[in-house]
Amino acid sequence: MSKFNRKFYEEYLKSEKWKEKRKEIYILRNKKCEICKCKLYGHYHIHHKTYKRLGEERNSDLILLCEKCHINIHKEIKQKNNKKIKDLKFYSCPFCLNKININKFLNTGKIRCPFCNSFINRLDMIKQIEISKKR
Ligand SMILES: [Zn+2]
Ligand SMILES: [Zn+2]
Ligand SMILES: [Zn+2]
């Protein structure tokens with residue numbers, strides 16, 4: 001998600017281009033949820049497997065889902081991300097560089113550095129964890 005930009009993302013979801021893309025995927029995947037195979041009758045969700053090509057998605061970046069499966073997929077992603085955070089145990093605050101024990105923040109939406117009181121974005125944290133693992 002290196003190029004991920006929330007503002008761009010929100011604008012893009014409102015665009016004609018995305019509406020066309022959604023419809024295209026809906027028809028290509030036979031109007032059925034790709035996980036539970038239920039028929040979608042015009043009410044459907046498109047999930048991004050990756051945001052790397054946001055705005056220029058390949059069809060393989062997208063999955064057609066019913067609402068229930070879409071919620072589940074995001075729950076699973078959240079659990080996986082929590083596991084990544086748990087494995088790390090300590091994270092250095094990007095603002096003050098103090099080491100924070102993040103286990104106690106796992107189930108809270110907001111993570112706040114106890115040293116400098118800055119809010120830390122979960123996604124930024126996960127990104128940094130992934131970068132540090134590759135080194
Ligand atoms: Zn489904
Ligand atoms: Zn999704
Ligand atoms: Zn801090």
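**Exercise 1.** Decide how Glu24 sits in this predicted model: buried, partly exposed or exposed.

*Solution.* Start with the count. Glu24 has 13 other C-beta atoms within 10 Å. Next, apply the cut-offs. A buried residue needs 20 or more such atoms, and an exposed one has 12 or fewer. Glu24 is therefore partly exposed.

**Exercise 2.** Place Glu24 in the chain, then relate it to Asn59 in sequence and in space.

*Solution.* Glu24 belongs to helix H2, which covers residues 16-28. Along the sequence, 35 residues separate Glu24 from Asn59. In space, their C-alpha atoms are 9.1 Å apart.

**Exercise 3.** Work out the order of helices and strands.

*Solution.* Count the elements. The protein chain has four helices and six strands. Now read along the sequence. The pattern is α-α-β-β-α-β-β-β-β-α.

**Exercise 4.** Find the largest nonpolar core and the strand that gives the most to it.

*Solution.* List the members. This core has seven residues: Cys33, Tyr44, Ile46, Leu62, Leu64, Leu65 and Cys66. Strand S2, residues 62-65, gives the most, with three residues. Then look for a separate group. Another core lies apart, with six residues, including Phe105, Ile111, Cys113 and Met125.

**Exercise 5.** Name the contacts of Tyr44, leaving aside neighbours within four places in sequence.

*Solution.* Set those neighbours aside. Tyr44 is then in contact with Tyr26, Leu64 and Cys66. Check these against the core: Leu64 and Cys66 are among its members, as is Tyr44.

**Exercise 6.** State what share of the chain is buried, and what share of contacts is long in sequence.

*Solution.* Of the 135 residues in the protein chain, 10% are buried. Now take contacts between residues at least 6 apart in sequence. Of these, 40% join residues at least 24 apart.

Notes: Residues numbered from 1 in each chain as written. Chains lettered and ligands numbered in written order. Predicted model: local features only at pLDDT ≥ 70, side-chain atom pairs only at ≥ 80, totals over all residues. Core = buried A, V, L, I, M, F, W, Y, C linked by C-beta atoms within 7 Å. Helix = DSSP H or I, 4+ residues; strand = E, 2+ residues; numbered from the N terminus. Contact = placed C-beta atoms within 7 Å.
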